[in-house]
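Please open the model in your viewer and keep the sequence panel beside it. The tour below moves from one selection to the next and says what is found at each stop.

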Amino acid sequence: MNDAVRKLSQAGHDNTELHHREAPNNVEAEQALLGAILVNNDAYYRVSDFLKPIHFHEPLHRKIYELAGDTIRMGKIATTITLKTHLPTDGRVGDLTIPQYLARLAAEAVTIINAEDYGRAIYDLALRRSLINIGEDMVNIAYDAPLDMPPQTQIEDAERRLFELAETGRYDGGFQSFNDAVAQAIDMAGQAFERDGSLSGISTGIHSLDARMGGLQRSDLIVLAGRPGMGKTSLATNIAYNIAASYEPEVQADGSFKARNGGVVGFYSLEMSSEQLATRIISEQTEVSSSKIRRGDISEADFEKLVACSQMMQKVPLYIDQTGGISIAQLSARARRLKRQRGLDCLVVDYIQLMTGSGKSSDNRVQEITQITTGLKALGKELNVPIIALSQLSRQVESREDKRPQLSDLRESGSIEQDADVVLFVFREEYYVKNLEPRDEFDPKYEEWKMKFEAVKGTADVIIAKQRHGPTGTVKLAFQSEYTRFTDLADPSFTQYEH
């Protein structure tokens, strides 16, 4: 403190001025652009898709740009004469009145050819000012330490604001020509042709499912639903591991990596711990029963298989977040961070009903679920990755004679069906038939039950109830409950199906 006082005193004696840093701006660029618009309104259309009034540093320039835009959109001509009636006549800019200032802008206007360049310069400076504001808010909040914003929440809020700024801080949006869209479609087809399985999306590792869906399409929200005991977590885990295990990175021109096959997977396990999830995956890969692994009832050969599998799995880009009751805002922030630090090609959420929305809608569960599904769909588009979100089904399924699920069975909100691009139901008839087993094996109905049970044993139906990009229908899979593994029925590893 004494050093600071001494330096201030010395600065006063030396008559040294303390300089104040001004926020980045370019008033001349703003004047040049506004002058070009006043002279030729076509200049407005060159910048209006990305440049907004808020991006101008000078308040008067914001008002002039906003008035000019409103006037032009109404089909009128924006000139110094038509605008001056909407601006205060008693205001002054230096020695000039507002009408005189407008006339000066028009008189010293640059050519319309440079309008877009000036617009981009103004826009970039506005982004820099936004970065400064985010930094100042981080410092001030960290100093104040409000009770309702712990450090972790502040970090997530800062990450969200920075990511939003990074995504919206661009001027390459808006309409694109049909030629560009066609070129992108051909590129996608070419990538699908070169990719294993010739899929436009990411392969699930289950060929019969890929054949119906074309893989998991980027930015899609895929809802995977089922009643408890149907195996929806097992199927999601199988798909997640298959994608991560087949990951093949490809170096891009800018030095970044892109998945040629498979991908980096983020798995939000709100119901199970990461250890339980890992146990399921190890059981699936080694064909050692997960119940035996938990009890330690394994042979030396089984243990060697577990060790070998764990060493192989260390290289698999599958990341698990086991935070319970996570909010859609927290989930989004962590997904953005994972994409930035490690990359991200697919996201799995197990499951929707265990998530929370914002505090405002927590008293209304339907609104909260709507907020969650809308947020997941927006996140998928933002990160350009498919999101597999698991969902419970309502109990009304159990009260029907036909237990096959329908879209109306999706629990707590119609928004799940509305926001989803794909809805998959997992249905295992074996689960229900097994519960109908007659107590007495000498019962006349026992043989009939046995025949029916043998017909459905070890099988599962994945019902594609909704698909924006393709057909609906049912895919029959094999399911080994002891290994929690789904696979194609024709897979030779399932000896029970070999003839």
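The stops run from the whole chain to charged pairs, aromatic rings and nonpolar cores.

**The whole chain**

Begin with everything displayed, and keep in mind that this is a predicted model. Coloured by secondary structure, the protein shows 20 helices and 13 strands. If you then colour by accessibility, 42% of the 499 residues count as buried. With the surface switched on, you are looking at about 27800 Å² of exposed area, of which carbon and sulfur atoms supply 51%. Among contacts with a separation of 6 or more, 67% are between residues 24 or more positions apart.

**A charged pair within one helix**

Side chains of opposite charge can pair when their charged atoms come close. The structure holds 10 salt bridges, and a few of them make up the next stops. Select R120 and E116, whose side chains meet in a salt bridge with an N to O distance of 3.0 Å. Where do R120 and E116 sit relative to each other in helix α7? They are four residues apart in that helix, which spans residues 115-144, and are therefore separated by about one helical turn. Are these two side chains buried, exposed or in between? R120 is partly exposed, at a relative accessible area of 31%, and E116 likewise counts as partly exposed, at 29%.

**D461 and its two basic partners**

Move next to D461, which is found in strand β11. D461 counts as buried because its relative accessibility is 8%, under the 20% limit for that label. Show the side chain of R404 as well, and you will see it meet the side chain of D461 in a salt bridge of 3.0 Å, N to O. R404 belongs to the loop between α17 (396-399) and α18 (415-419), whereas D461 belongs to strand β11 (residues 459-467), so this pair ties together parts that are 57 residues apart in sequence. The two side chains also make a polar contact at 3.0 Å. Unlike D461, which is buried, R404 counts as partly exposed, with 26% relative accessibility.

Now add K476, which forms a salt bridge with D461 in which the closest N and O atoms are 2.9 Å apart. K476 lies in strand β12 (residues 473-480) and D461 in strand β11, so here the parts tied together are 15 residues apart in sequence. K476 is partly exposed, at 44% relative accessibility. A separate selection of K377, D421 and R468 shows three residues joined into one network by salt bridges that share partners.

Return to D461 and display what surrounds it. Which residues is D461 in contact with, leaving aside its neighbours within four places in sequence? The list consists of R404, F425, V426, F427, T474, V475 and K476, so that the two salt-bridge partners R404 and K476 appear there together with five others named in the same list.

**The aromatic rings**

A pair of aromatic rings is described by the distance of the centres and the angle of the planes. A search of the whole structure finds six such pairs. Select Y44 and Y65, a tilted pair whose centres are 5.6 Å apart and whose planes make an angle of 45°. This pair links distant parts of the chain, since Y44 is in helix α3 (residues 42-47) and Y65 in helix α4 (residues 59-73), 21 residues apart. Both Y44 and Y65 are buried. Add F56, which forms another tilted pair with Y65, at 4.8 Å centre to centre and 40° between the planes; F56 and Y65 are both buried. With Y45 included, Y44, F56 and Y65 belong to one aromatic cluster.

**The nonpolar cores**

For the last stop, select L216, L318, L331, L376 and I388, the residues that touch the most other members of the largest nonpolar core, which has 74 residues. Helix α11 (residues 232-245) gives the most to this core, with seven residues. Centre the view on L376: neighbours within four places in sequence aside, L376 is in contact with L221, I328, L331, V349, I352, I387 and A389. A second core, separate from this one, consists of 32 residues, including L33, I64, Y123 and L165.

Notes. Residues are numbered from 1 along each chain as its sequence is written. This is a predicted model: local features need pLDDT of at least 70, side-chain atom pairs count only at pLDDT 80 or more; totals for chains, interfaces and linings use all residues. Side-chain values use heavy atoms; hydrogens and water are left out. A salt bridge is a side-chain nitrogen of Lys or Arg within 4 Å of a carboxyl oxygen of Asp or Glu. Helices (H or I, at least four residues) and strands (E, at least two) are DSSP runs, numbered from the N terminus. Buried means under 20% relative accessible area, exposed over 50%, partly exposed in between (1.4 Å probe, protein chains only). Contact means heavy atoms within 4.5 Å. Accessible areas come from the Shrake-Rupley method with a 1.4 Å probe; for residues, only the protein chains shown count as cover. Rings of Phe, Tyr and Trp (its six-membered ring) pair if their centres lie within 6.5 Å; planes under 30 degrees apart count as stacked, over 60 as edge-to-face and the rest as tilted. A polar contact is a pair of N or O atoms within 3.5 Å; within protein, one must be able to donate a hydrogen and the other to accept it, and residues adjacent in sequence count only if both atoms are side-chain atoms. A nonpolar core is a set of buried Ala, Val, Leu, Ile, Met, Phe, Trp, Tyr and Cys residues joined through side-chain atoms within 4.5 Å.
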